[in-house]
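Take a walk through this model with a focus on its ligand site and its helix packing. Start at the ligand, then step back to the fold.

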Amino acid sequence: MGELQSVVKERRSAMKFQEDVTISKEELSQIFAMNKHVPSAFNLQHTHYVVLTTPEEKAKAYEASGQYKVQTASAVIIVLGDMMAYKHVGRINEGMLSLGMMSQIEYDLETRSVTEMYESKGPVFQREEAIRNASLSAMQLMLIAKDMGWDTCPMIGYDEARIASLLELPANLVPVMMITLGKMDESKMRPRGYRKPVDEFVTWNSIQ
Ligand SMILES: Cc1cc2nc3c(=O)[nH]c(=O)nc-3n(C[C@H](O)[C@H](O)[C@H](O)COP(=O)(O)O)c2cc1C
């Protein structure tokens, strides 16, 4: 079995974290640096992460979620998606332009077509894109963390408005999920939940 397959099979959502385990900013930064390789639509990199590591900040996240594991996690990561990511298309491609990997014509065309697409499809699409792209990024982040010896739990059970006010989020940043990260207390693990057989969630050439 390849290494990725073991990481995929071994990742579990932590039910409870061991207390008093800290993770350094350096190690978290290594996880995020590896996660730069995640794909995103038009390479717009819609995802922003806010990392809460102090007991005070974690206590606020606990208040917004009511989930005990938030308090004992080594870090609480708020995953945000940027509805306005398309506005940075020019900046994202600037390096490629100056290195000659993209011509001025290609650069202008990319800037115009991406901007037109996101503006014509409107705010529902912009929000979907924020959530879609940040979700892919979050999944990869959890696998990288596992590979580096850290357990995680993706979480949607929190009060979105409270998180938004706690972080003073601008309207373009959508809270997508919370990821708690730490070393799981293995004595509290449940057996892996039922998974549907492949034939139940894959069909070939049509929905039937
Ligand atoms: C989008 C999403 C939201 C979730 N929200 C929570 C949550 O709020 N609290 C929690 O304890 N687990 C949460 N989970 C974890 C799931 O319960 C877990 O992934 C599922 O039971 C399968 O278990 P496994 O991840 O160990 O394979 C969430 C998972 C996902 C993908």
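By class, the shell around the ligand holds five charged residues, four nonpolar ones and three polar ones. This is a predicted model. The charged members are Arg11, Arg12, Lys69, Arg192 and Arg195. Cys153, Pro154, Met155 and Ile156 make up the nonpolar group. Ser13, Gln67 and Gly157 are the polar ones.

Which element gives the most to this shell? Strand β3 does, with three residues. The strand covers residues 151-155. Cys153, Pro154 and Met155 of the shell fall in that range. Ile156 and Gly157 also surround the ligand, and their numbers come right after the end of β3.

Now look at the polar contacts. On the side-chain front, Arg11 places an N or O atom 3.0 Å from an oxygen atom of the ligand. The backbone takes part too. A polar backbone atom of Ile156 lies 3.0 Å from a nitrogen atom of the ligand. At Gly157, a polar backbone atom sits 2.9 Å from a ligand oxygen. How much of the ligand does the protein bury? Taken alone, the ligand exposes 620 Å², and the protein buries 61% of that.

Step back to the whole chain. The protein has eight helices and four strands. From the N terminus, the order is α-α-β-α-α-β-α-α-β-α-β-α. Two helices thus open the series, and β3 follows the pair α5 and α6. Along its principal axes, the C-alpha trace spans about 60 × 45 × 35 Å.

Next comes the packing of helices. Two packed helices are described by the angle between their axes and the distance between the axes. Helix α6 runs over residues 104-147 and takes part in both of the crossings described here.

Take α5 against α6. Helix α5 spans residues 89-98. Its axis comes within 10 Å of the α6 axis, and the two cross at roughly 165 degrees. That makes α5 roughly antiparallel to α6, because the angle is over 145 degrees. The crossing of this pair is right-handed.

Then turn to α2, residues 25-35. The axes of α2 and α6 come within 9 Å. Their crossing angle is roughly 130 degrees. The two helices are therefore oblique to each other. Here, too, the crossing is right-handed.

Technical notes
Residues numbered from 1 in each chain as written. Predicted model: local features only at pLDDT ≥ 70, side-chain atom pairs only at ≥ 80, totals over all residues. Heavy atoms only, no water. Near = heavy atom within 4 Å. Polar contact = N/O pair within 3.5 Å; in protein donor to acceptor, adjacent residues only side chain to side chain. Areas by Shrake-Rupley, 256 points an atom, 1.4 Å probe, with all protein chains shown as cover. Axes fitted to C-alpha atoms, helices over the stretch in contact; angles between N-to-C directions. Parallel < 35°, antiparallel > 145°, perpendicular 65-115°, else oblique. Left-handed = near helix turned anticlockwise from the far one by under 90°.
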